[in-house]
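Visitor: Could you take me on a close look at a single part of this model? I would enjoy one connected account.

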Amino acid sequence: MTVREYLFPSDPYAGFDHHAYDLDLSGFRLPESVLARVVEVRPKMVIEVGSWKGRSAIYLADRLRKHGQEAEIICVDTWLGAEEMWVKPERDDVPERYRGLCIRHGHPAVYEQFLANVLKSGHAGTITPLPNTSAIGARILGRIGTRAQFIFIDGSHEFKDAYGDLVAYWDLLDEGGMMVGDDLDWGGVGRALLEFQRRVCNCRIEAHSDQGWMIRKGGPQGPWHEALVRWLLARLKRSRPVLFFRR
Ligand SMILES: C[S@@+](CC[C@H](N)C(=O)[O-])C[C@H]1O[C@@H](n2cnc3c(N)ncnc32)[C@H](O)[C@@H]1O
């Protein structure tokens with residue numbers, strides 16, 4: 001049984017009229033350095049935490065299709081937006097993200113744009129939405145025995161949330177699988193990764209110049225990944241070096 005069959009009694013896209021929408025994949029730059037590697041693990045199950053309008057999920061689905069691989073892609077998102085989309089001054093820095101929430105009657109409708117984009121890109125058969133918080137999503141997937149070979153973490157970028165996502169989804173990742181993410185230069189994400197490396201897995205974190213990062217489960221162990229630490233320290237405005245070097 002697929003996760004979709006377990007979660008939904010009927011096709012979540014059935015009856016949704018995507019013709020009323022234009023294809024709109026705006027919003028975020030993709031960390032292609034790490035997303036492109038999805039085909040290396042030949043996944044049967046991919047989990048994405050944080051999907052917004054579906055751009056990264058569609059990229060992953062395109063890439064798998066191009067390589068003749070088939071996987072179920074589960075997208076966990078509240079479709080309620082991240083903190084910085086709602087709160088000023090960050091909200092004013094990128095106002096199209098607040099607009100992208102498509103608030104109607106006081107509630108975001110961006111989920112409908114996600115559905116429309118997935119349908120328009122021809123991936124409704126493989127991309128399955130799981131509309132919930134990342135924490136509850138991980139517990140649901142864990143309770144139904146879901147195992148993934150590729151996990152993309154791109155939900156909340158606040159330290160506690162990002163750390164919680166790393167820990168919760170790491171448990172769902174098969175040995176040999178890849179956990180990847182974005183926004184290394186976002187303070188909370190960088191700190192969460194280092195804390196995760198310190199407390200949970202003494203694993204090597206690959207850092208890329210497009211801010212993508214990758215950890216391979218059961219891959220090379222290592223002390224601090226020096227390049228990553230140097231890179232983070234150079235970028236984090238409010239860094240706390242003591243945190244990085246304590247061990
Ligand atoms: C940076 S966007 C994702 C962008 C997407 N991966 C892309 O490339 O287009 C972050 C998303 O995470 C979702 N999000 C933030 N915090 C969340 C949480 N705690 N649980 C579930 N989703 C969350 C937001 O609703 C938003 O859609």
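Guide: Happily; here is a walk from the whole chain to one helix pair and a strand residue. This is a predicted model, in which local features need pLDDT of at least 70 and side-chain atom pairs count only at pLDDT 80 or more, while totals for chains, interfaces and linings use all residues. Residues are numbered from 1 along each chain as its sequence is written.

The chain's secondary structure comes to 12 helices and 9 strands (DSSP runs numbered from the N terminus: H or I of at least four residues for helices, E of at least two for strands). Now to our pair: helix H8 (residues 134–143) and helix H9 (residues 159–170) have axes that come within 10 Å and cross at roughly 5°. Those axes are lines fitted to C-alpha atoms over the stretch in contact, with angles from 0 to 180 degrees between N-to-C directions. H8 and H9 are therefore roughly parallel to each other, a label for angles under 35 degrees.

From H8, Ser-134, Ala-135 and Ala-138 meet Gly-164, Asp-165, Ala-168 and Tyr-169 of H9; contact requires C-beta atoms, placed from the backbone, within 7 Å.

Ala-135 also leads us to Val-76: their C-alpha atoms are separated by 9.5 Å, at 59 residues apart along the chain. Val-76 belongs to strand S2 (residues 72–77). Val-76 is buried because 27 other C-beta atoms lie within 10 Å, and the cut-off for buried is 20 or more. Beyond its neighbours within four places in sequence, Val-76 contacts Ile-47, Glu-48, Val-49, Leu-130, Asn-132, Ser-134 and Gly-137.

How values were computed:
Angles under 35 degrees count as roughly parallel, over 145 as roughly antiparallel, 65 to 115 as roughly perpendicular and the rest as oblique. Two residues are in contact if their C-beta atoms, placed from the backbone, lie within 7 Å. A residue is buried if 20 or more other C-beta atoms lie within 10 Å of its own, exposed if 12 or fewer, and partly exposed in between; C-beta atoms are placed from the backbone.
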